[in-house]
Amino acid sequence: MKIIQAIIIILIWAIPIFSIRKTYKKMDYEEKQDVKDELKNPSFLLFVFTCIGFQVLVTGNISEIKLLQHIGAGLVFIGFVSGCVGAFRQRYFKKGIGLMLAGGIGAVIYFI
């Protein structure tokens with residue numbers, strides 16, 4: 001059973017990394033520059049917090065390590081709250097309220 005858990009955890013982290021790397025290598029120079037500029041955008045970093053947090057949360061669930069679960073849930077929550085603040089700053093009130101509701105529902109489900 002531990003071997004299956006280890007394989008799933010490796011796949012959870014390896015598949016996104018290799019697919020992003022493969023896609024980046026296929027891009028031409030202008031697209032790569034656009035990606036580099038987008039990586040410097042603070043709103044993109046909030047998205048990265050959410051994605052990495054979700055991966056850490058799932059890894060913690062699979063490996064049954066409570067600390068990883070809590071760290072992952074915290075990163076996801078930080079990503080949702082920061083995304084909500086960013087949406088309100090850009091005057092996207094519906095998107096901000098949606099992110100706030102999704103983060104709140106996720107927090108309630110996590111703590112139940």
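## Overall fold

Helices here are DSSP runs of H or I with at least four residues, counted from the N terminus. Val81, for instance, is found in helix 4. What you have on screen is a predicted model, so keep that in mind for everything below.

The secondary structure is quick to list: five helices and zero strands. Going along the sequence, the pattern reads α-α-α-α-α. The C-alpha trace spans about 45 × 35 × 15 Å along its principal axes.

## Surface and contacts

How much of the protein is buried? Of its 112 residues, 21% count that way. The protein exposes about 8,500 Å², and carbon and sulfur atoms supply 73% of that area.

As for contacts, take those with a sequence separation of 6 or more: 48% of them are made by residues 24 or more positions apart.

## Helix 4 against helix 5

Two packed helices are described by the angle between their axes and by the distance between those axes. For helix 4 (residues 66-89) and helix 5 (residues 93-111), the axes come within 7 Å and cross at roughly 160°. Angles over 145 degrees count as roughly antiparallel, and that makes helix 4 roughly antiparallel to helix 5. The crossing of helix 4 past helix 5 is left-handed.

Who meets whom here? On the helix 4 side you'll find Gln69, His70, Ala73, Phe77, Phe80, Gly83, Cys84, Ala87 and Phe88. Helix 5 brings Phe93, Lys95, Gly96, Ile97, Leu99, Met100, Ala102, Gly103, Ala107 and Tyr110 to the contact. Sorted by class, the contact of helix 4 with helix 5 has 13 nonpolar, five polar and one charged residues.

## Three spots along helix 4

Start with Gln69, which sits in helix 4. Is Gln69 buried or exposed? Its relative accessibility is 9%, so Gln69 counts as buried. Skipping residues up to four places away in sequence, Gln69 touches Leu57, Gly60, Asn61, Glu64 and Tyr110. Tyr110 also belongs to the helix 5 side of the contact between helix 4 and helix 5.

Now look at Val81, also a helix 4 residue. With a relative accessible area of 37%, Val81 is partly exposed. Its C-alpha atom is separated by 7.1 Å from that of Gly103, and the two residues are 22 residues apart along the chain. Gly103 is among the helix 5 residues that meet helix 4.

Then there's Ala87, another helix 4 residue. Ala87 has a relative accessible area of just 3%, so it is buried. Leave out the neighbours within four places in sequence, and Ala87 is in contact with Tyr92, Lys95 and Gly96. Of these, Lys95 and Gly96 are on the list of helix 5 residues in the contact with helix 4. If you want a long-range distance, Ala87 and Asp37 are 50 residues apart in sequence and 20 Å apart in space, C-alpha to C-alpha.

## Helix 3 and the loop after it

Gln55 has its place in helix 3 (residues 42-63). The relative accessible area of Gln55 is 16%, and buried means under 20%, so Gln55 makes the cut. Which residues does Gln55 contact, leaving aside neighbours within four places in sequence? The answer is Ile12, Trp13 and Pro16. Gln55 and Gln69 are 14 residues apart in sequence, with 9.6 Å between their C-alpha atoms.

Between helix 3 and helix 4 there's a loop, and Glu64 lies in it. Most residues other than glycine have a negative phi. Glu64 has a positive phi of about 60° although it is not a glycine. The relative accessible area of Glu64 is 60%, so this residue is exposed. Glu64 is also one of the residues that Gln69 touches.

## The start of the chain

Ala6 is found in helix 1 (residues 2-26). Its relative accessibility is 37%, so Ala6 counts as partly exposed. How many residues separate Ala6 from Ile62 in sequence? The gap is 56 residues, while the C-alpha to C-alpha distance is 8.7 Å.

Notes:
Residues are numbered from 1 along each chain as its sequence is written. This is a predicted model: local features need pLDDT of at least 70, side-chain atom pairs count only at pLDDT 80 or more; totals for chains, interfaces and linings use all residues. Side-chain values use heavy atoms; hydrogens and water are left out. Axes are lines fitted to C-alpha atoms, for helices over the stretch in contact, and angles run from 0 to 180 degrees between N-to-C directions. Helices (H or I, at least four residues) and strands (E, at least two) are DSSP runs, numbered from the N terminus. Angles under 35 degrees count as roughly parallel, over 145 as roughly antiparallel, 65 to 115 as roughly perpendicular and the rest as oblique. A crossing is left-handed if the near helix is turned anticlockwise from the far one by less than a right angle, and right-handed if clockwise. Contact means heavy atoms within 4.5 Å. Ala, Val, Leu, Ile, Met, Phe, Trp, Tyr, Cys and Pro count as nonpolar, Asp, Glu, Lys and Arg as charged, and the others, Gly among them, as polar. Buried means under 20% relative accessible area, exposed over 50%, partly exposed in between (1.4 Å probe, protein chains only). Accessible areas come from the Shrake-Rupley method with a 1.4 Å probe; for residues, only the protein chains shown count as cover.
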